[in-house]
Structures are given as C-alpha cells and as structure tokens.
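Subject: A structure for you to explore

Hello,

I am passing on the structure we talked about, together with some notes on what I found in it. Please open it next to this email and follow along.

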Amino acid sequence: MDGEIKKSSAPSETCRKIRTAPEPFYAGNKLNAVFRSIVRCVEENYSNPDFNVSKLAELLQMNLSYISKCFKVSTGIGLLDYINRMRINEGKRLISEKKRTVSQVAQMVGFENLNSFIRVFKKYESCTPGSIRGHENEE
C-alpha cells in the first residue's frame, strides 16, 4: 500500500506520521473518534508495564477486535506495534540524554525486563540501546 507505514520506519517518524496523519478513512464518523481515542490512550499509558492491547480495549470499553481493525485501517500498522514504537521512541530519547541507565529507561517506558527492552529496541532500531550512548553493545 502507498500510505502504509513499514516496520523498518524509525519509531519517531512512525509516531509523528500517526499523530499528524490526515483524517483516517471514513473521517467524520465513529472511526475517526475511535482512532483519536486509541492514540490518546496509548500516549497516556505506554509507560505502564501492564499496558497492552487487551488493557487498551478495557480502558476504552471497546471490543479488542474492533479497535484493532479501526487502527490498522487508519494507520497500516497493528496496535501492539504502535505501543512498542511509542515505548522505543521514548526510550531512545531518554537514553540519548545520558542521565539514566538503560535498565532505568527500560522500566520508565514500560518494560519490566531489560532483555525484552533490548530485544524490542533492536527490532525497531537495528542496534542496541547501549550503542545509542556510544557504549559497547549490551546483549
């Protein structure tokens, strides 16, 4: 698809595209409101380690399949992918400040397990969090 956001897109670029995207398909109806609710809820909750797509549906009091489909239609990416991209984008920003350890950053962005953070970070950034700081790769 022409407007589809690919997994290889940098998280910051992907998040920016979603926040500044033109009105989703079927603008002006319920899908537009659902899309905005999803984005707002993810932005408010991604740092919670218990936050996932099921929790998102619960918080919005909507059917998981419905919100997943609405989001995918509007953005071209899945909800879990978007949540992870938000987490990694913020993690990257915090790491570049060099005020916290990678472990502290992982916890701040919703990862209880450092290895999970490193694995997901590497998936989206093609490098480890430690390499952002100029350190040896942390694996």
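Below I go from the overall picture to a few places worth a visit.

**The overall picture**

Please keep in mind that this is a predicted model. The protein chain has 139 residues, and 42% of them count as buried. Its secondary structure is quick to describe: 8 helices and 0 strands. Going along the sequence, you will read the pattern α-α-α-α-α-α-α-α. As for how the chain folds back on itself, take the contacts with a separation of 6 or more: 57% of these are between residues 24 or more positions apart.

**How far to trust it**

The mean pLDDT of the protein chain is 80, and 73% of the residues score at least 70. Which element has the lowest mean pLDDT, and which the highest? Helix H1 (residues 11-19) is the lowest, with a mean of 48, while helix H6 (residues 102-108) is the highest, with 97. Two stretches deserve some care. Over residues 1-11 the pLDDT stays under 50, and the model gives this stretch 20 contacts beyond four places in sequence. Residues 17-27 also have a pLDDT below 50, and there the model shows 20 contacts beyond near neighbours in sequence. Where pLDDT is low, the predicted coordinates should not be read in detail.

**Salt bridges**

How many salt bridges does the structure hold? There are 6, and I will show you some of them.

Start in helix H3, which covers residues 53-60. Here the side chains of Lys 55 and Glu 58 form a salt bridge, with 3.4 Å from N to O. These two residues are 3 apart in the helix, so about one helical turn separates them. Lys 55 is partly exposed, at 28% relative accessibility. Glu 58, in contrast, is exposed, because its relative accessible area of 53% is over the 50% cut-off.

Now move to helix H5, residues 79-97. Glu 90 and Arg 93 form a salt bridge there, and their closest N and O atoms are 2.5 Å apart. Once again the partners are 3 residues apart, or about one helical turn. Is Glu 90 buried or exposed? Its relative accessibility is 18%, which means that Glu 90 counts as buried, since the cut-off is under 20%. Arg 93 is partly exposed, at 41%.

Arg 93 has another partner: its side chain also meets that of Glu 97 in a salt bridge, at 2.6 Å from N to O. Arg 93 and Glu 97 are 4 residues apart in H5, about one turn of the helix. Glu 97 is partly exposed, at 32% relative accessibility. Through shared partners, salt bridges link Glu 90, Arg 93, Glu 97 and Arg 100 into one network.

**Where H5 meets H7**

Stay with H5 and look at how it packs with helix H7 (residues 114-125): the angle is about 95 degrees, and the axes are 10 Å apart. The two helices are therefore roughly perpendicular. On the H5 side, the contact is made by Asp 81, Asn 84, Arg 85, Ile 88, Gly 91, Lys 92 and Ile 95. On the H7 side, Phe 117, Val 120, Phe 121, Tyr 124 and Glu 125 take part. Sorted by class, this contact has 6 nonpolar, 2 polar and 4 charged residues.

Asn 84 of H5 is a good residue to click on. Its relative accessibility is 11%, so Asn 84 counts as buried. Leaving out residues up to four places away in sequence, Asn 84 touches Phe 111, Val 120 and Tyr 124.

**A loop residue to finish**

Finally, find Asn 48 in the loop between helix H2 (30-45) and H3. At 29% relative accessibility, this residue is partly exposed. Which residues does Asn 48 touch, not counting those up to four places away in sequence? They are Arg 87 and Gly 110. Asn 48 and Gly 110 are 62 residues apart along the chain, yet 4.8 Å separates their C-alpha atoms.

Enjoy exploring, and write back with any questions.

Best wishes

Notes: Residues numbered from 1 in each chain as written. Heavy atoms only, no water. Salt bridge = Lys/Arg side-chain N within 4 Å of Asp/Glu carboxyl O. Buried < 20%, exposed > 50% of the residue type's maximum accessible area, 1.4 Å probe, protein only. Contact = heavy atoms within 4.5 Å. Axes fitted to C-alpha atoms, helices over the stretch in contact; angles between N-to-C directions. Parallel < 35°, antiparallel > 145°, perpendicular 65-115°, else oblique. Nonpolar A, V, L, I, M, F, W, Y, C, P; charged D, E, K, R; others polar. pLDDT = per-residue confidence, 0-100.
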